[in-house]
Amino acid sequence: MKRNPYKIVSFVVIFLSVWQIIGCDIGGGDTSSSGQPANGGFTLSGTILPSVFCTVDNDVNDPNALFKLNDTLDHAQKLQFPVTLAGYVNFPGQGESGRSYTNGDIHDFYRIALSKGDSIVLYISDAYNTDMDLYLYRGDTQALVDASMGSGTNESLVAPDDDEFVIEVRIVSEEQPPSGASNYNLIMGDSEGSATSTSCRLSNDFIPGEVVIRFLDENVVSSKATPFGLQNKDLGLKRVRGEKGREMLFSFESGIQTQIVFNALNIQQSSKFCALFNVVSEKMQHKLDTLKVIKAFQKRMDIVSIAPNFIRQPYMAPNDNFFDLQWNYNLIHLPEAWDIVIGNDSVIVAVVDTGVLFGHPDLNTRLTTSGYDFVSSTTIEGNEPVIERGGIDPNPEDPGDQATGGSSFHGTHVAGTIAAATNNDIGVAGAGWNTARIMPVRALGVGGGTSYDIIQAVRYAAGMPNDSGTVPEITADIINLSFGGTGYSEEEQALYQAVSQRGIIVVAAAGNQASSKKSYPAAYEGVISVSAVDYASNPTYYSNFGDTIDVAAPGGDNTADLNSDGYPDGILSTIGDDTSGSVEMVYSFSQGTSMAAPHVVGVTALMKALWPQMTYAEFDNLLRSGAITTDIGIPGKDQTSGYGLINAQKAVYVAKGGVLPTSLIVSPPIIYFGTDLSTIMLRLEKAGEPTEALSVTSIDEDADWLEVIPEHVDEDGIGTYTVTVNRTGLVEGVYNSNINVVSSANNVNISVSMQVGQTIRTVSAGYHYVLLLDPSTNDSLAQTEAILDDGVYHFAFSGIDKGTYLLFAGTDMDNNYIIGDVGNAIGAYLSTDQPVTLHIDQDTSGLDFKTEFNINLFDINAGISSRAGRIDRIDEEGRGKRVK
């Protein structure tokens, strides 16, 4: 058997059109080659760089991986903060054959120093078949501090104070014998908002011994219950209030009554599968027992819902659950813009892409009734398209494109950044708040899309004649095109000029090749071309550049974690996961100019809500004048960011009919140095009425380790500064400070965070298998292992025949002979967002790329548990798996 990376669902899927993927050569970059005979026997070599702050469980199921016991409190694996960890647990005899199959790996313990408010989040890869709980203990006394004991896809806790803690990941099961095995990801960062809410957290404020239940079966009386499987059996629960057919309040006392309930529900009090808690109080024990009862009931088919009887306090309405992970919105001043406008569904945005998942709970209320599927070439794979004509239809839902590594659901990710339902207590926020509605127009399928299909899709969105014979009732105000490729077309150029002359604003991704080569449609006249910047407002390593760039926006970098929250600095948005054979609605981090473009579209939607008549020409003129951007490069237009970074606050003020009041604005508004950075550029800019004066009168740092140094500053103090930190002599820990900037118009406070860690940090993404694949079939043609040396993996192939290949690498912690599935690490050359076909006819070195953990985020508040659609599974045919 061979390891198959086909099941990859990378959280860095950036869609590339067919003419970019097919026939790519490896030329350029730092690769080097030497001539060899054409009959084969070539060598290939390179390096793989793990993501920052990553590490792995010391006792995974892969027998080739390094091993060290971490199954008890006393043998807890030591971690450094922040961290993104990949692990594996299983019950004896469960999961794949491997190191832990026979005896099981039920507990994993980790020791780490945390600060108050630090988040601890557990993501369960196979949550439909495996349940895990999360426990927090004091590092010295081993006393239980908190627990998260839900039955969903993730568990989360928050450090209550500064201390050294031990964290336990435990697999649990109500079945006898117990069943379950799964990968998992454990993320610890310095943002409390990163910890998703969960109803079954020990530290939640609820009444011990009380549960609120709604039964599916209405025949429930007092302490006697007649649900399936427990008819006429006393549960030991006392009905306090409520009636059949709706929620009811039940209670049970500690002691004997708790034992009766436990026996009725088959709850294990102690066994070799349960650690012994050092519970500090009788109240804590009663709360713990309450959560155990709730967990047992959650497994039952006769329960509609069950939860603790929470104690509520009045407070402001909560925001979207993952909003604190959307650093990209602060970077372009969206929260300040939302103070001015949050919209009323008045703007129609056409997302021409792979379609949209209609059932995603953060999008299902944000879609128009219009839309169309223009994919006439349903299969494009390998080096030749397979054309199946006549495929267009009025259903633009994304059926999955089954790209290498699973479907991208690229259009769903783009749509979420523009218009995800906002302030709805779940998931993520959309840049356009609730201003924009999405018109899904499908033009990209397996492997990309053809220019003809895309032309028809754009024509439809703009209300122009097209192959569907119909147009939407209300045409699009804005069109998002997060794709591209080389090759100029007069017909396409004429179309985009015609669309822009109708006043419609077309925004496109500049491309991810780190090249000045023009990418279309972004390079056409009449199209706004968007490049990508990272967390620090610097150009990303992949973003295209050149004279055709108009504006920059956050595109993210999944290999970085500058804000030390334990998550990659990618763009978090809505997406689907079809690796299970059906579609799960999740959230995931992606990177690329495809992610940057919808930020500009979201800001444009806010502007259109205030200024409905704004045309493409007027928007383009505002960009050129700098009225709606922050200049982040050399003064004026430059080749990396065009006219600057889009600034939502300035944009909505202009759209409102005026200008931003004269004020000082800063970028970035929050500074994180993490453990490695020592300098970051800070930009001070005057906004508002050009004729009004503004000057910076003072800049103060309130920490000795922090310094702000002028770099390119005018006589009023406006310009760029270098912010530096000096860690010399500081003990390990997280340091927070502020930079206070005083101007003649306003004062700005910039929070600064910096971490002092060990000089040498062990970074490992786990034992990596490296595969050469057939681009057409995903068959594994060759395999080797990567050797980790000083934080970098090195690999080499020999005896490789002349031909074309894809190069992938990843881990297989569960030992299922499939690399890169959820929870594992995965990487590809050039990257997972742009896997390039290698044409090998000589020895080749310098095949360097990055690897990262494949993490999907679920929001349990959204009820994201439905699966829909049929997804064909290529890996069921056994193609592309790694060799034993």
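User: What span should the 18 residues of helix H9 (residues 593-610) have at 1.5 Å a residue, and how far apart are its end C-alpha atoms?

Analyst: The expected span is 1.5 Å times one less than the number of residues, which gives 26 Å for H9, and the end C-alpha atoms sit 27 Å apart, so the two agree. Keep in mind that this is a predicted model, where local features need pLDDT of at least 70 and side-chain atom pairs count only at pLDDT 80 or more, while totals for chains, interfaces and linings use all residues. Residues are numbered from 1 along each chain as its sequence is written, and side-chain values use heavy atoms, with hydrogens and water left out.

User: What makes something a helix or a strand here, and how many of each does the chain have?

Analyst: They're DSSP runs, numbered from the N terminus: H or I over at least four residues for a helix, E over at least two for a strand. That gives eleven helices and 51 strands.

User: Why is H9 called largely enclosed?

Analyst: Buried means under 20% relative accessible area, exposed over 50%, and partly exposed in between (1.4 Å probe, protein chains only). In H9, 16 of the 18 residues are buried, so the rest of the structure largely encloses this helix. Across the chain's 884 residues, 60% count as buried.

User: How do you know that the buried residues of H8 line one face?

Analyst: H8 covers residues 490-501, and its buried residues are Glu492, Gln493, Leu495, Tyr496, Val499 and Ser500. Viewed down the helix axis, they fall within an arc of 160°, so they line one face; the arc is taken over directions from the axis to the C-beta atoms. Glu490 and Gln501, on the other side, are exposed. The buried set packs against helix H7 (451-461), strand S25 (478-481), strand S26 (505-509) and helix H10 (616-625).

User: What caps the N-terminal end of H8?

Analyst: Serine 489 does, with a side-chain oxygen 3.3 Å from the backbone nitrogen of glutamate 491. A polar contact is a pair of N or O atoms within 3.5 Å; within protein, one must be able to donate a hydrogen and the other to accept it, and residues adjacent in sequence count only if both atoms are side-chain atoms. Just after H8, glycine 503 takes a positive phi of about 95°.

User: Why do S17 and S18 count as paired?

Analyst: Two strands pair if DSSP finds at least two bridges between them. S17 (residues 238-242) and S18 have four, in the antiparallel sense, with arginine 241 opposite leucine 249. Strand S13 (residues 206-215) is also joined to S18 by four bridges, again antiparallel, and there leucine 249 partners valine 212.

User: Which residues of S18 (residues 248-251) lie on each side, and are they buried or exposed?

Analyst: In a regular strand, side chains alternate between the two faces of the sheet. In S18, Met248 and Phe250 take one side, Leu249 and Ser251 the other, and all are buried.

User: Why does serine 543 get its burial label?

Analyst: Its relative accessibility is 7%, so serine 543 counts as buried, although it lies in the loop between strand S27 (528-533) and strand S28 (551-554). Its side chain reaches the backbone nitrogen of alanine 532 at 3.0 Å. By contact (heavy atoms within 4.5 Å), serine 543 touches residues including Gly511, Ala514 and Thr593, leaving aside those up to four places away in sequence.
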